[in-house]
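Subject: Structure handover

Hello,

Here is the structure to look through before we next talk. My notes on it follow below.

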Amino acid sequence: MKTNQRSSLPSRTWALLAIIGMLSRASILAFTIATELVAVSAVPDWESRASAGDLVALALALGLGGGVSLALLALLVSVVAFLVWLHQATQRAHSYGFPQPNATPRGAIACWFIPFVNLIRPYTVVQSLYQVSRAHALEARDDWVGRWPKLLPIWWAAWILGTLLTNVSFKLWTGGHVTAAAAWLGAVAAPLVLIAALCAAAIVWSIQVNQEATASADLQSDGVASK
């Protein structure tokens with residue numbers, strides 16, 4: 001027996017919020033790291049100059065402080081939106097019957113927060129969710145993963161390495177002060193974070209449009225059957 005297709009359909013709004021949050025965070029992080037590089041290479045005494053009221057140094061301080069705050073806000077938005085969307089999408093996929101994704105809706109979320117498990121399990125969950133969603137859908141025009149299957153492994157590799165380097169970069173700040181090592185390590189991390197965000201956006205959208213295609217087909221078949 002089919003579940004109500006409309007009530008269980010993952011909200012496109014959550015998918016869009018997750019995508020916007022991911023891309024915004026990656027862009028803001030890149031801006032912040034670029035500001036770090038300027039600060040440590042071109043204006044190494046920017047902190048003392050900012051205290052003295054130097055306009056260039058004040059702009060750097062504002063860029064760093066504002067960039068970090070906005071990046072954290074974008075991260076929060078993307079995490080909340082993505083997890084809500086992931087719960088709904090997994091719940092929806094379970095309504096298809098066999099085959100089903102390899103995680104429950106709660107399990108799909110919990111695996112992101114379990115140390116060591118979160119190095120592999122979230123990838124297999126998202127991969128399974130895509131495969132199940134694609135298997136039940138008609139051909140979706142915006143299925144980017146269907147066109148480029150390597151988006152999945154590229155996303156995960158860039159996400160793991162980019163997150164690791166970003167965290168190490170911020171830990172290299174000394175007493176809240178930017179160091180050259182932190183800035184240059186961040187410069188390596190920024191492209192990886194951007195690649196991960198672009199791939200993740202494509203994956204979320206691919207799952208979303210496949211599930212929408214399935215729901216639309218089911219509604220049409222139900223309408224024909226009721227005539």
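The score to know beforehand is pLDDT, the predictor's confidence in each residue, on a scale from 0 to 100. The chain has a mean pLDDT of 85, and 87% of the residues score at least 70. This is a predicted model, in which local features need pLDDT of at least 70 and side-chain atom pairs count only at pLDDT 80 or more, while totals for chains, interfaces and linings use all residues. Residues are numbered from 1 along each chain as its sequence is written, and side-chain values use heavy atoms, with hydrogens and water left out.

Overall layout

The chain has 9 helices and 0 strands, where helices (H or I, at least four residues) and strands (E, at least two) are DSSP runs numbered from the N terminus. In sequence order the pattern reads α-α-α-α-α-α-α-α-α. A contact means heavy atoms within 4.5 Å. Of the contacts between residues at least 6 apart in sequence, 77% join residues at least 24 apart. For burial, I use relative accessible area: buried is under 20%, exposed is over 50%, and partly exposed is in between (1.4 Å probe, protein chains only). On that scale, 43% of the 227 residues count as buried.

Where confidence varies

Among the elements of the chain, helix H5 (residues 105–110) has the highest mean pLDDT, 96, and helix H1 (residues 5–8) has the lowest, 42. Residues 1–8 stay under a pLDDT of 50, and the model gives them 13 contacts beyond four places in sequence. Residues 222–227 also stay under 50, with 1 such contact.

Charged pairs

Side chains of opposite charge can pair when their charged atoms come close. A salt bridge here is a side-chain nitrogen of Lys or Arg within 4 Å of a carboxyl oxygen of Asp or Glu, and the count comes to 2. One joins Glu212 and Arg12, with the closest N and O atoms 2.5 Å apart. This pair links distant parts of the chain, since Glu212 is in helix H9 (residues 180–226) and Arg12 is in helix H2 (residues 12–41), 200 residues apart. Arg12 is partly exposed, at 38% relative accessibility. The other salt bridge is between Arg134 and Asp143, at 3.2 Å from N to O. Arg134 is partly exposed at 29%, whereas Asp143 is buried at 4%.

Aromatic rings

A pair of aromatic rings is described by the distance of the centres and the angle of the planes. Rings of Phe, Tyr and Trp (its six-membered ring) pair if their centres lie within 6.5 Å; planes under 30 degrees apart are stacked, over 60 edge-to-face, and the rest tilted. The count is 7 aromatic pairs. One of them is Trp144 with Trp148, a stacked pair at 5.8 Å centre to centre and 5° between the planes. Both rings belong to partly exposed residues: Trp144 has a relative accessibility of 31%, and Trp148 has 48%. Ring pairs also link Phe82, Trp85, Trp112, Tyr123, Trp155 and Trp156 into a cluster.

Trp144 has a charged partner too. A charge sits over a ring if NZ of Lys or CZ of Arg is within 6 Å of the ring centre and within 35 degrees of the ring normal. The charged end of Arg147 sits over the Trp144 ring in this way, 4.6 Å from its centre.

Cysteines

How many disulfides does a search of the whole structure find? The search finds 0, a disulfide being a pair of cysteine sulfur atoms within 2.5 Å. Cys111 is buried at 3% relative accessibility, and Cys199 is buried at 6%.

Individual residues

Thr166 lies in helix H8 (residues 151–171) and is buried, with a relative accessible area of 5%. Not counting residues up to four places away in sequence, Thr166 touches Arg25, Leu29, Ala189 and Val193.

Leu23 lies in helix H2 and is partly exposed at 28%. Leaving aside neighbours within four places, Leu23 is in contact with Ala197 and Leu198. The C-alpha atoms of Leu23 and Ala74 are separated by 8.7 Å, with their positions 51 residues apart along the chain.

Phe116 is in the loop between H5 and helix H6 (121–135). Phe116 has a positive phi of about 70° although it is not a glycine, and at 73% relative accessibility Phe116 counts as exposed.

Regards
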